[in-house]
Amino acid sequence: MWRTLILRKPFGCLVRARKKTVSECGHFKNRQILDRRVLSAERKLFYTTSQQQLDLRRFLEEIGSDPKEARYWLRQFQNHESAPDKPFAVVQVDSQILNDKVMLEKLASCLAFLHRNGMPVIVVHGLDGRAVVNDSSDVRLRRAKLIEDNIEFVDLLERHGSRARPFMSSGHVLSTLEDDNHSAALLGRIDKVDVKPLQQSLRSGHIPVLTAVGESPSGQVLCVDSNDAAIRIAHILQPMKVMFLNTTGGLLDSQGNVLGNVNVVDDVASLIQQPWHTETILKQVILIAKLLSTLPEYSSAVITSADSLITELFTHKGSGTMFLRPEEIHKHHSLATVDIEKLKELLIKSFNKPLNAEYFSTLQHRLHTLYVTQSYTAAAVITHEEGVDGVPYLDKFTVGRQSQGLGTSDNLWKKIKADFSSLFWRSRGTNRINPWYFIRCDGSWTNGNWTIFWFGVRDHVLTHRLVEHAKSIPPSFDPVAPHDEAKSKRVLSSNGYHKFL
């Protein structure tokens, strides 16, 4: 149907013109296109918002602890500078997890959560050190099962909202050599690793899921140890985290308790001597220790259950064993050997208040021992005090932002405990680190304003003197540091919680 429109020409002349049909109107077509784009954007926004809400709800339910603590670690990991083709974590998945549908579903959900929130991962699975292969037909069946597992895992990741890319017969990533001991069973060992296909996958926004299967120079397809594959990939790509996931959790001590942290410098030598660890675990520990010596200081490795992946990353609890390479800690008995400016900067940044002008001049005469990391990112100051029967006083204990999450606080405390049989210190009653102190003290006293802690002291008369002396020590900061303000209305960030550990 045609319609007529009266148009006004220039200079006021009127003319009749045929009006276009609706289908001919270009502006209407453009409006249709715009409407479709707006609708698509709204749907995308609704999906993104809904997904974020689901992520946040599941995240908070998973950690089951202080949300501020979790948000702090989330920001730390997200803000960590890295190239688009560099993973946040390399994750090795134990073969037993792939046989547990419930655990596998939960793991896929957690990895998809990390991927969506700017923490890309590379997943490696396959045979592990426990695998016992009888003949070549057995390994062919296992290899077929690995391919099925890879397809299922990729499908699960995508169902949880993340794009994933399968690497099933990974000869273009893993170059292998035939193992003389298992050549008939089609098992091999890794010769070279080409990570470029994995990096390309990361750049395109996919999670690479790699089956630990390689190819020999003769074209033979060989299964390799997935632990070894993950370690070789991590060595090249230098991730922040290397995670070895299983169905049971971390390493155990002689009483069956989980070992929370392992210092690869001080603890590994004694750890591998313990008779209750299997040969497979000992091999894994040695490989992890060697790997960490090639990674940046901020990197760490963990053996944990797939059930506790989120709590392991974003809280201080969990069922895993974290392997750390803490920075070297130096010990001083005089300020003459200390970089005063760096120490002053650390204290001011940590407590967010200026030091009293006379702090270092008075400390010079009271100093017993100063512990400080090589980069001046953590320190503990211990002083002599009069009238307390020689019990040393912990004047300052601080760990800067760069050293948080690396086991520095525990390592620093170990050094202090090794050198001192007794100690006392104080903390404001509102200080959020107090639970950490309560775990490490033998006794405490509080009046609401101050909490006085001590260890190694049993005499009640002496503890009373320690309390009175600690209460009388003038503040080192002017004005009082914000984390010590008893009546502060400001909500402390989780950074304020961690930096004093």
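These are my notebook entries on a predicted model of one protein chain.

**Entry 1: overall picture**

I started with confidence. The protein chain averages a pLDDT of 79, and 74% of the residues score at least 70. I then looked for the weak stretches. Residues 1-24 stay under 50 in pLDDT, and the model gives them 28 contacts beyond four places in sequence. Residues 27-31 are also below 50, with 2 contacts beyond near neighbours in sequence. Where pLDDT is low, the predicted coordinates should not be read in detail. I left both stretches alone after that.

Next I noted the make-up of the chain. I found 15 helices and 21 strands. The chain has 501 residues, and buried ones make up 48% of them. I also checked how far along the sequence the contacts reach. Of the contacts with a separation of 6 or more, 70% join residues 24 or more positions apart.

**Entry 2: the open sheet**

I traced a sheet of 8 strands. It is open, its pairing is mixed, and its order is β5-β8-β4-β3-β11-β13-β14-β12. Which strands sit at the edges? They are β5 and β12, and each pairs on one side only. I also took the twist: neighbouring strands are turned by 20 degrees against each other on average, direction ignored.

I then went through several of the strand pairs. Strand β11 covers residues 241-246 and runs parallel to β13, joined to it by 6 bridges. Within this pair, Phe-244 in β11 stands opposite Ile-303 in β13.

Two helices on this sheet caught my eye. Helix α3, residues 101-116, packs on the sheet and touches β3, β4, β8, β11 and β13. The direction of α3 makes about 155 degrees with that of β4. Helix α8 packs on the sheet as well, touching β11, β13 and β14. The direction of α8 makes about 150 degrees with that of β13.

**Entry 3: strand β8**

I wanted to know how β8 sits in the structure. Strand β8 spans residues 207-211, and 5 of its 5 residues are buried, so it is largely enclosed by the rest of the structure. In a regular strand the side chains alternate between the two faces of the sheet. I therefore sorted the β8 residues by side: Ile-207, Val-209 and Thr-211 lie on one, Pro-208 and Leu-210 on the other, and all are buried.

I followed its neighbours next. Strand β4, residues 121-125, runs parallel to β8 and is joined to it by 3 bridges. Val-123 has Val-209 in β8 as its bridge partner. Strand β5, residues 164-167, is parallel to β8 too, with 4 bridges between them. There I found Phe-167 opposite Leu-210 of β8.

**Entry 4: strand β14**

I gave β14 the same check. Strand β14 runs over residues 321-324, and both of its faces are covered. Thr-321 and Phe-323 are buried on one side, Met-322 and Leu-324 on the other.

Which way do its partners run, parallel or antiparallel? Strand β12, residues 261-263, pairs with β14 in the parallel sense over 3 bridges. Strand β13, residues 300-305, pairs with β14 in the antiparallel sense, also over 3 bridges. Met-322 turns up in both pairings. Asn-261 stands opposite Met-322, and Val-302 has Met-322 as its bridge partner.

**Entry 5: helices α6 and α8**

I went back to α8 for its helix partner. Helix α6 (residues 226-237) and helix α8 (residues 279-292) pack with axes 10 Å apart, at an angle of about 5 degrees. The two helices are therefore roughly parallel to each other. I listed the residues that meet. From α6 they are Asn-227, Ile-231, Ala-234 and His-235; from α8 they are Gln-284, Leu-287, Ile-288 and Leu-291. By class, this contact has 5 nonpolar, 3 polar and no charged residues.

**Entry 6: Glu-215**

I closed with one residue. Glu-215 lies in strand β9, residues 213-215. Is Glu-215 buried, exposed or partly exposed? At 38% relative accessibility, Glu-215 counts as partly exposed. I then looked at its surroundings. Not counting residues up to four places away in sequence, Glu-215 touches Gly-171, Leu-174, Ser-175, Thr-176 and Gln-220. Thr-176 is 39 residues from Glu-215 along the chain, yet their C-alpha atoms are separated by 5.4 Å.

Terms used
Residues are numbered from 1 along each chain as its sequence is written. This is a predicted model: local features need pLDDT of at least 70, side-chain atom pairs count only at pLDDT 80 or more; totals for chains, interfaces and linings use all residues. Side-chain values use heavy atoms; hydrogens and water are left out. pLDDT is the predictor's confidence in each residue, from 0 to 100. Contact means heavy atoms within 4.5 Å. Axes are lines fitted to C-alpha atoms, for helices over the stretch in contact, and angles run from 0 to 180 degrees between N-to-C directions. Angles under 35 degrees count as roughly parallel, over 145 as roughly antiparallel, 65 to 115 as roughly perpendicular and the rest as oblique. Ala, Val, Leu, Ile, Met, Phe, Trp, Tyr, Cys and Pro count as nonpolar, Asp, Glu, Lys and Arg as charged, and the others, Gly among them, as polar. Buried means under 20% relative accessible area, exposed over 50%, partly exposed in between (1.4 Å probe, protein chains only). Two strands pair if DSSP finds at least two bridges between them.
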